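Here is a walk through the model you have in front of you, from one chain's overall build to a few buried spots. Keep the viewer open as you read.

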Amino acid sequence: MDDLYRELIIEHSKYPHNAGTLENPTVTQEEKNPLCGDQIKIDLAIEDGVITDVRFVGRGCAISQAATSLLTDEIKGKSLDEIKQLTKDDVLDLIGIPLGHNPVRIKCALLPLKAVKAGVYSFLGTQLEDDEDEL
Amino acid sequence: MGTQKDIDQFDILTLRREFPILQQPIHGKPLAFLDSGASSQKPRRVITSLEHYYEHTNANVHRGVYQLSEQATFAYERARGKVAKFINARSLKEIVFVRNTTEAINLVANTWGAANLRPGDRILLTVMEHHSNLVPWQMIAQRTGAKIDYLEIDGDGRLILDDLDRRLQGVKIVAVTHQSNVLGTINPVAEIAARAHAAGAVVLVDGAQSVPHMPVDVQALGIDFLAFSGHKMCGPTGSGALWGRKALLDAMPPFLGGGSMIQNVTLEGTTYADVPTRFEAGTPAIGESIALGEAIDFLSDVGMARIHAYEQKLTAYALDRLSEVHGLQLYGPPTAEQRGGVISFTLEGVHPHDVAAILDTEGIAVRAGHHCCQPLHDLLNIPATARASFYLYNIPEEIDRLAAALEKARRLFA
């Protein structure tokens, strides 16, 4: 229990950073995890190829919500190229919990990455590559 | 087993020892398996039956003229007889072996439904159906132009039947679950069947959550079809049965085409075999169906009435015990009468997935999610629930552990 629900996860799920919506988002992207009903909607503000601001609204398990809170902090100020390079392992490092053995919970943790990438790709006018979809 | 004991002396600890998996620690703690609604554990004798088949009898059925094939055929058909007797069918020709409840319901929707539903006809379901008894009907409705109506539930999760007779007008088939896999509600299917028949409809009962847990007598219920899975009743995965009234089955076109289901095949066309063979295309799950017969022997030796009585006691205890947990919201009928051993709940401030993950670290297995029952969760306005479901091998101590672990989860998120 201590591993999966470290203080960091509990804190971020209870008091998420970047909660809410942006007034004029460049992109809004919504993703759902039908298995457990996790859902998040992320607003991105993009200027000159850089993410200048981000907000999200979501409901779901602590892992999905904490991961979104942590990832939104992480991507602020990053270029779209940098976002494209983000991997599953980056997110797992961010939340710092051992989910490697649990495919169901991995889906929860990676939901925000899927949303951010899908948002960026849709802004860039391209589709998520098939392998990206398999995050 | 084999010895009948009085319910008050239900020797639960001896019974538990017959399930090898329950001896296995999880995260260093004793396993409290509270997810039998999804799939039950298997007693040693069922596992042995499967092993014995593959070691000594394995051969295809109904086609070999050598000893092994004859033995396999005999064992497979004997298992069919056990299923027939278990649910009090009139004839073993009324038993079709399928892989699971879902396949059984798809079979009826695609054969009876395709032959009998016309544009404007109505199909009556309930809002508490799981996807297995919902999606096949939506698919056949789309194909035939039939319309679907849903019976609603009251605040305690019981079906509202006041206006059933009116709702039955123009209905060709009523497909209803015997017991809800989320609310635990046991539906009065005999009453529904009687009223449906008076209105000229046929009745399919989804027995996935009832056949494993209580005596189910298809003649006493007065229904037309019953679908259930073997893996929820101590049998192997890939086993299950559809029971149908012989006259209805006889009139139904085949489901899947292929080997075994034929009488005569020429390049010009095919005539089909009699029931139930007509509905068992291809090589069936022979060993699994035989082992389902063994599971039925096991359950019958314990006694279905005793299993039901024991589970009701457990459920009453659990309802009592869980109502003491702070911030816990229980769904479904508030008392153990008219409900089975399935308790869905939400814990204030903790998502059901997190609840399940925390319980897992204590060795307690529960399900979290919408339990293949998304419309019902939409109706209750919750994205998901956690669910504890009991079977004959569960003990009150496991419910105590569940309650304690829930308190722990609540404190963690407080």
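## Chain A in outline

In this predicted model, 59% of the contacts in chain A between residues at least 6 apart in sequence join residues at least 24 apart. Chain A holds six helices and three strands, and from the N terminus on its elements follow the order α-β-β-β-α-α-α-α-α. Of its 135 residues, 47% are buried. The accessible surface of chain A is about 6600 Å², and carbon and sulfur atoms account for 44% of that area.

A good place to zoom in is helix α1 (residues 7-14) of chain A, whose buried residues are Ile9(A), Ile10(A), His12(A) and Ser13(A). What lies over them? The cover for the buried residues of α1(A) includes α2 (62-75) and α4 (88-95) of chain A, and also α14 of chain B.

## Salt bridges

Over all chains, the whole structure contains 25 salt bridges. One of the pairs is Glu398(B) with Arg16(B), where the closest N and O atoms are 3.0 Å apart. This pair ties together distant parts of the chain: Glu398(B) sits in helix α14 (residues 396-413) of chain B and Arg16(B) in helix α1 (residues 12-16) of chain B, 382 residues apart. Are the two partners buried or exposed? Glu398(B) has a relative accessible area of 3%, so it is buried. Arg16(B), at 13% relative accessibility, counts as buried too.

Asp301(B) and Arg45(B) form another salt bridge, with 3.1 Å between the closest N and O atoms. Here again distant parts of the chain are linked, since Asp301(B) belongs to helix α10 (residues 286-302) of chain B and Arg45(B) to helix α2 (residues 44-57) of chain B, 256 residues apart. Asp301(B) is partly exposed, with a relative accessible area of 24%, and Arg45(B) is partly exposed at 23%. Arg321(B) pairs with Glu324(B), their closest N and O atoms lying 3.2 Å apart; Arg321(B) is partly exposed, at 25% relative accessibility. Lys29(B), Glu362(B) and Lys408(B) are joined into one network by salt bridges that share partners.

## Glu94(B), a buried charge

Glu94(B) lies in the loop between α3 (67-86) and β2 (95-98) of chain B. Which side chain of opposite charge is nearest to Glu94(B)? That is Arg90(B), 4.4 Å away, and Glu94(B) is buried yet has no salt bridge. A salt bridge needs the nitrogen within 4 Å of a carboxyl oxygen, so at 4.4 Å Arg90(B) does not form one with Glu94(B).

Instead, look towards the backbone: the side chain of Glu94(B) reaches the backbone nitrogen of Lys246(B) at 3.0 Å. Leaving aside residues up to four places away in sequence, Glu94(B) touches Ala89(B), Leu242(B), Trp243(B), Gly244(B), Arg245(B), Lys246(B) and Leu249(B).

## Strand β2(B) and its partner

Follow the chain into β2(B), where Ile95(B) and Phe97(B) point one way and Val96(B) and Val98(B) the other, all of them buried. In a regular strand the side chains alternate between the two faces of the sheet. Four bridges connect β2(B) with strand β8 (residues 240-244) of chain B, and the two run antiparallel. Within β8(B), Trp243(B) is the bridge partner of Ile95(B). Trp243(B) is also among the residues that Glu94(B) touches.

## Strand β6(B) and Asp206(B)

Strand β6 (residues 202-206) of chain B is largely enclosed by the rest of the structure, because five of its five residues are buried. Val202(B), Leu204(B) and Asp206(B) face one way, while Val203(B) and Val205(B) face the other. Five bridges pair β6(B) with strand β5 (residues 171-177) of chain B in the parallel sense, and Val176(B) stands opposite Val205(B).

Asp206(B), in strand β6 of chain B, is buried with a relative accessible area of 1%. Which side chain joins that of Asp206(B) in a polar contact? His130(B) does, at 2.8 Å. Not counting residues up to four places away in sequence, Asp206(B) touches Thr101(B), Ile105(B), His130(B), Asn133(B), Val176(B), Thr177(B), His178(B) and Ala227(B). Asp206(B) and Arg78(B), by contrast, are 24 Å apart, C-alpha to C-alpha, and 128 residues apart in sequence.

Conventions:
Residues are numbered from 1 along each chain as its sequence is written. Chains are lettered from A and ligands numbered from 1 in the order in which they are written. This is a predicted model: local features need pLDDT of at least 70, side-chain atom pairs count only at pLDDT 80 or more; totals for chains, interfaces and linings use all residues. Side-chain values use heavy atoms; hydrogens and water are left out. Buried means under 20% relative accessible area, exposed over 50%, partly exposed in between (1.4 Å probe, protein chains only). Lys and Arg count as positive and Asp and Glu as negative; His and the chain ends are not counted. A polar contact is a pair of N or O atoms within 3.5 Å; within protein, one must be able to donate a hydrogen and the other to accept it, and residues adjacent in sequence count only if both atoms are side-chain atoms. Contact means heavy atoms within 4.5 Å. Two strands pair if DSSP finds at least two bridges between them. Accessible areas come from the Shrake-Rupley method with a 1.4 Å probe; for residues, only the protein chains shown count as cover.
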